[in-house]
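Trainee: Could we go through this structure together, with the reasoning behind each label spelled out?
Mentor: Gladly, let's start with the terms and then work through the residues.

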Amino acid sequence: MNVLEVSGLNKVYPGKVHTQALTDIHLSIEEGEFVGIMGPSGSGKTTLLNMVSTIDQPTSGSVKISGTDPFLMNKKDLALFRRRRLGFVFQDFNLLETLTVAENIVLPLTLDKRRLSEMDVMLGQAADRLGIRDILNKRTYEISGGQRQRTAIARAMIASPSLLLADEPTGALDSAASRKVMESLEDINRLERTTIMLVTHDPLAASYCHRIVFIKDGKLAAEIHRGDNRQAFFQKIIDTLSFWGGNSHELSSIRV
Ligand SMILES: Nc1ncnc2c1ncn2[C@@H]1O[C@H](COP(=O)(O)OP(=O)(O)O)[C@@H](O)[C@H]1O
Ligand SMILES: [Mg+2]
């Protein structure tokens, strides 16, 4: 069964000016896939992610996660579903400054009232996976941006979600930190078999994905697959972006 099945999805933002943000989107993601969503600014990437993450409702069409339509659930079940089945990573990390790194990571488990001994084991495993064991007792303002994002990823994956959703996770990071964050996501996908859907406009970040879906003006425009050479895939991403109208002219100086 597919982890994600989006069909005939439309999103209109009503208002003085109607915005048709998404038009007839069909997208399936299989278990274990690592899928990137790319497209120019305003093309509908965040809107699509918000429908999948159940933050916002589609105007029509359906979203199914592991066969379940989250929009048919009541509020309480939906909150549980989000906490247990989905993981979220955002550009601005969304960490709580008053808590330590460790406390931030176990937050979803605390809300689920797990046993302390169990939380400890899971914390150790997540911290090792993300390479942040030595900063667990620090506050979030004492660590770098890359470490913050790896903390946020540890929090997103600690409960073994069916689907991990990331919106521009490298958007606030320099290229060295971006690389480390993408390598962490790659590890989680490969070693934990976590299914990942990642929105990015950064071709280097995107080159870590297995498959990239391009959106333009709210419609699916193209799809490319990685194969086993990330360098060649990076070039293919640049070419596809320049064909479909991205910002590739800004990228000529980037090295993979
Ligand atoms: N809450 C909102 N209300 C009205 N229009 C919105 C809202 N969010 C996004 N839009 C519009 O929907 C379109 C897609 O936006 P978005 O999904 O944020 O694109 P992207 O993430 O690709 O930059 C844009 O035209 C944007 O202005
Ligand atoms: Mg966006």
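Mentor: A residue is buried if its relative accessible area is under 20%, exposed if over 50%, and partly exposed in between, with a 1.4 Å probe and protein chains only. Helices (H or I, at least four residues) and strands (E, at least two) are DSSP runs, numbered from the N terminus. This is a predicted model, where local features need pLDDT of at least 70 and side-chain atom pairs count only at pLDDT 80 or more, while totals for chains, interfaces and linings use all residues. Residues are numbered from 1 along each chain as its sequence is written, chains are lettered from A and ligands numbered from 1 in the order in which they are written, and side-chain values use heavy atoms, with hydrogens and water left out.

Trainee: What makes H5 largely enclosed by the rest of the structure?
Mentor: Of its 13 residues, 10 are buried, so the helix is largely enclosed. The buried ones are Gly146, Gln149, Arg150, Thr151, Ala152, Ile153, Ala154, Arg155, Ala156 and Met157. They pack against strand S5 (86–90), helix H3 (101–111), helix H4 (116–130), strand S6 (163–167) and helix H6 (175–191), where contact means heavy atoms within 4.5 Å.

Trainee: How do you know whether the span of H5 agrees with what 1.5 Å a residue predicts?
Mentor: The expected span is 1.5 Å times one less than the number of residues. For the 13 residues of H5 that should be 18 Å, and the end C-alpha atoms are 18 Å apart, so the two agree. H4 can be checked by the same rule: it has 15 residues and reaches 21 Å from its first C-alpha to its last, close to the 21 Å expected.

Trainee: Which residues of H4 are buried, and what covers them?
Mentor: Met119, Met122, Leu123, Gly124, Ala126, Ala127 and Leu130 are buried, and their cover includes H3, H5 and H6.

Trainee: Why is Gln149 called buried or exposed?
Mentor: Its relative accessible area is 0%, so Gln149 is buried. Gln149 is in helix H5 (residues 145–157). Beyond its neighbours within four places in sequence, Gln149 is in contact with Val89, Phe90, Gln91, Phe93, Pro169, Leu173 and Val181. Its side chain also reaches the backbone oxygen of Phe90 at 2.8 Å. That fits a polar contact, a pair of N or O atoms within 3.5 Å; within protein, one must be able to donate a hydrogen and the other to accept it, and residues adjacent in sequence count only if both atoms are side-chain atoms.

Trainee: And what is Ala154 in contact with?
Mentor: Ala154 touches Ile105, Ala126, Leu130 and Ile132, not counting residues up to four places away in sequence. Ala154 is buried, at 0% relative accessible area.

Trainee: How many aromatic pairs are there?
Mentor: Rings of Phe, Tyr and Trp (its six-membered ring) pair if their centres lie within 6.5 Å; planes under 30 degrees apart count as stacked, over 60 as edge-to-face and the rest as tilted. By this rule there is one aromatic pair. The centres of the Phe88 and Phe90 rings are 6.2 Å apart and their planes are at 10°, so the pair is stacked. Phe88 is buried at 17% relative accessibility, whereas Phe90 is partly exposed at 27%.

Trainee: Which residues are around ligand 1?
Mentor: Here a residue counts if one of its heavy atoms lies within 4 Å of the molecule. The residues are Tyr13, Thr19, Ala21, Pro40, Ser41, Gly42, Ser43, Gly44, Lys45, Thr46 and Thr47. A nitrogen atom of ligand 1 is 3.4 Å from an N or O atom in the side chain of Tyr13. An oxygen atom of the ligand is 3.2 Å from a polar backbone atom of Ser43, and an oxygen atom is 2.9 Å from an N or O atom in the side chain of Thr46.

Trainee: What makes a positive phi worth a remark?
Mentor: Most residues other than glycine have a negative phi. Thr54 has a positive phi near 65° and lies in the loop between helix H1 (45–52) and strand S4 (60–65). Thr54 is buried, at 8%. Lys113 has a positive phi of about 55°, in the loop between H3 and H4, and counts as exposed at 74% relative accessibility.
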